[in-house]
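The following report describes one protein model together with its bound ligands. It is intended to be read alongside the sequence and the three-dimensional view.

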Amino acid sequence: MARYIAILGSTGSIGVNTLDVIRAHPDRFKVVALTAGKQIDRLAEQCMEFKPAIAVVSEADDAKRLETLLRQKNISTQVMYGPASLVTAVTDSGCDTVMAAIVGAAGLVPALAAAKAGKRVLLANKEALVMSGNLFMQAISAGGGELLPIDSEHNAIFQCLPNNFTQDSSLQNAYLGVEELWLTASGGPFRNTPLDQLASITPEQACAHPNWVMGKKISVDSATMMNKGLEVIEAFWLFGLPLEKIKVLIHPQSVVHSMVRYRDGSVLAQLGQPDMRTPIAYGLAWPDRIAAGVAPLSLTQLTNLSFSEPDLSRFPCLSLAFAAARSGGTAPTVLNAANEIAVAAFLDEGLPYLQIPVVVEKVLNAITESNADSLDAILQVDAQARAEARDLIRAL
Ligand code: NAD
Ligand code: MG
């Protein structure tokens with residue numbers, strides 16, 4: 001039976017890789033909704049190829065332009081715009097599976113709508129879960145759907161956990177023998193850069209990731225290792241283990257995508273090429289395994305696999321994320337919001353690289369609201385943290 005897919009953020013790095021896997025399996029997957037922010041030409045091409053029922057863009061002008069492009073080619077896709085239409089794309093397109101691949105907080109509301117509606121949610125948009133962990137997990141269980149991680153580390157852990165591992169910790173028998181989750185991290189492009197050179201890092205340097213090709217925001221997050229910090233929080237919510245059982249290991253080769261350590265001494269790892277089509281294919285077809293277009297891994301051609309502890313003085317963002325995770329409540333929401341603003345300012349060349357953690361720390365200290373029980377409360381804290389971060393950056 002075919003799956004009906006909605007892709008939130010179809011024009012991004014994850015979106016394009018998702019369509020690449022889908023393209024190879026036309027009998028298994030039907031695309032019913034595609035959404036994008038501003039890349040109208042790319043979205044138009046995608047609509048011409050996959051003929052979804054619904055396409056959504058951010059702005060009214062862009063919607064008009066997309067509609068014109070599609071009607072010229074006799075494509076009858078309904079074109080909509082604005083944040084509320086992202087929810088419509090999830091709830092009214094006839095999809096049973098939603099790839100949540102919008103970057104940042106903009107993806108929260110439609111991802112949450114997918115969770116509530118009982119869809120299979122393929123989660124790439126880690127920021128959504130970081131902002132609203134408790135609420136999001138409740139929405140998944142209330143909706144009765146599934147949450148499958150697409151982030152390569154979490155997908156690796158998902159593959160290495162026992163089949164009957166449950167996200168409901170109350171049902172777990174001492175976590176079924178799972179002792180620790182080991183998230184691997186490449187360490188990004190500045191793992192060995194002399195500390196005194198970090199001050200002059202440019203956006204271009206920060207976006208040149210050694211192993212993965214990704215969107216700009218996550219590339220900067222990988223350089224600062226805020227990405228790994230967000231992933232620790234993501235793992236905490238996804239797998240329900242206590243924070244102290246979640247460890248980070250620097251593994252520059254990005255071959256081992258993460259590991260699970262068991263109480264009998266076993267460590268299970270998932271290995272593969274650094275290609276997001278592997279976790280995407282796993283999520284789309286789970287529990288089946290389908291071809292993903294990924295080259296086989298040749299272990300004999302690997303010269304070295306190394307693992308080490310992260311240097312927290314080099315990566316203060318990682319410490320800030322651990323601190324926010326320990327504080328709980330809305331601290332992760334604040335961390336994420338401040339980071340989004342600081343990274344956007346850095347990419348705009350309005351903030352030096354080394355000021356990213358400085359801004360995040362100040363905003364975390366300034367906002368101590370901690371009720372994360374409702375979407376309204378979370379969105380309010382998110383807005384407050386963004387405003388605070390913008391003020392700080394302006395004052396610098
Ligand atoms: P990207 O910047 O390449 O793509 C983002 C997508 O979201 C685009 O389609 C864009 O049009 C859309 N978008 C952006 N802002 C929007 C808004 N305000 N409203 C509606 N749509 C908007 O990003 P990406 O690298 O594909 O990452 C997407 C998500 O997946 C992020 O949360 C990232 O952390 C996560 N992720 C990405 C990778 C990767 O390899 N790229 C790996 C793991 C996790
Ligand atoms: Mg990752």
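## Metal site, ligand pocket and selected residues

Glu-153 lies in helix α7; helices (H or I, at least four residues) and strands (E, at least two) are DSSP runs, numbered from the N terminus. The model is a predicted one, in which local features need pLDDT of at least 70 and side-chain atom pairs count only at pLDDT 80 or more, whereas totals for chains, interfaces and linings use all residues. Residues are numbered from 1 along each chain as its sequence is written, chains are lettered from A and ligands numbered from 1 in the order in which they are written, and side-chain values use heavy atoms, with hydrogens and water left out.

**The magnesium site**

Glu-153 counts as buried because its relative accessibility is 8%; buried means under 20% relative accessible area, exposed over 50%, and partly exposed in between (1.4 Å probe, protein chains only). With neighbours within four places in sequence set aside, Glu-153 is in contact with Leu-183, Thr-184, Lys-228, Glu-231, His-257 and Ser-258, where contact means heavy atoms within 4.5 Å. The C-alpha atoms of Glu-153 and Met-259 are separated by 8.2 Å, although the two residues are 106 residues apart along the chain. The side chains of Glu-153 and Ser-152 are joined by a polar contact of 3.2 Å. A polar contact is a pair of N or O atoms within 3.5 Å; within protein, one must be able to donate a hydrogen and the other to accept it, and residues adjacent in sequence count only if both atoms are side-chain atoms.

Which residues are the protein donors of the magnesium ion (ligand 2)? They are Asp-151 (OD), Glu-153 (OE) and Glu-231 (OE), at 2.1 to 2.2 Å from the ion. Donors are N, O and S atoms within 2.8 Å of the metal (3.2 Å for Na, K and Ca); water is not among the atoms, so the site may look incomplete. Along the chain, the donors follow the spacing D-x1-E-x77-E. Distant parts of the chain are thereby linked: Asp-151 is in the loop between β7 (146–149) and α7 (152–160), while Glu-231 is in helix α10 (residues 226–239), 80 residues apart. Asp-151 counts as buried because its relative accessibility is 7%, and Glu-231 counts as buried at 1%.

**The surroundings of ligand 1**

Ligand 1 is surrounded by 23 residues, the closest being Thr-11, Ser-13, Gly-37, Glu-127 and Gly-215; a residue is included if one of its heavy atoms lies within 4 Å of the ligand. This shell divides into ten nonpolar, ten polar and three charged residues. Here Ala, Val, Leu, Ile, Met, Phe, Trp, Tyr, Cys and Pro count as nonpolar, Asp, Glu, Lys and Arg as charged, and the others, Gly among them, as polar. Helices α1 (13–23) and α6 (126–143) each supply at least two residues of the shell. Three backbone approaches to oxygen atoms of the ligand are listed below.

| Residue (polar backbone atom) | Distance to an oxygen atom of ligand 1 |
|---|---|
| Gly-9 | 3.3 Å |
| Gly-12 | 3.1 Å |
| Gly-215 | 2.8 Å |

The protein covers 84% of the 830 Å² of accessible area that ligand 1 has on its own; accessible areas come from the Shrake-Rupley method with a 1.4 Å probe, and for residues, only the protein chains shown count as cover.

Thr-11 is placed in the loop between β1 (3–8) and α1. Its relative accessibility of 4% means that Thr-11 counts as buried. A polar contact of 2.9 Å joins its side chain to that of Gln-39.

**Helix α9 and other features**

Helix α9 (residues 216–224) is mostly covered, with seven of its nine residues buried. The elements that cover these buried residues include α6, α8 (203–207), α10, α12 (316–327), α13 (331–347) and α14 (355–366). After α9 comes Met-225, whose phi is positive, near 70°.

Thr-330 lies in the loop between α12 and α13 and counts as buried, at 0% relative accessibility. Trp-286 and Pro-287 are joined by a cis peptide bond, with omega about 5°; Pro-287 is in the loop between α11 (277–285) and α12.

Lys-51, in the loop between α2 (40–50) and β3 (54–57), has a positive phi near 45° and counts as exposed at 53% relative accessibility. Glu-349, in the loop between α13 and α14, has a positive phi near 60° and counts as exposed at 66%.
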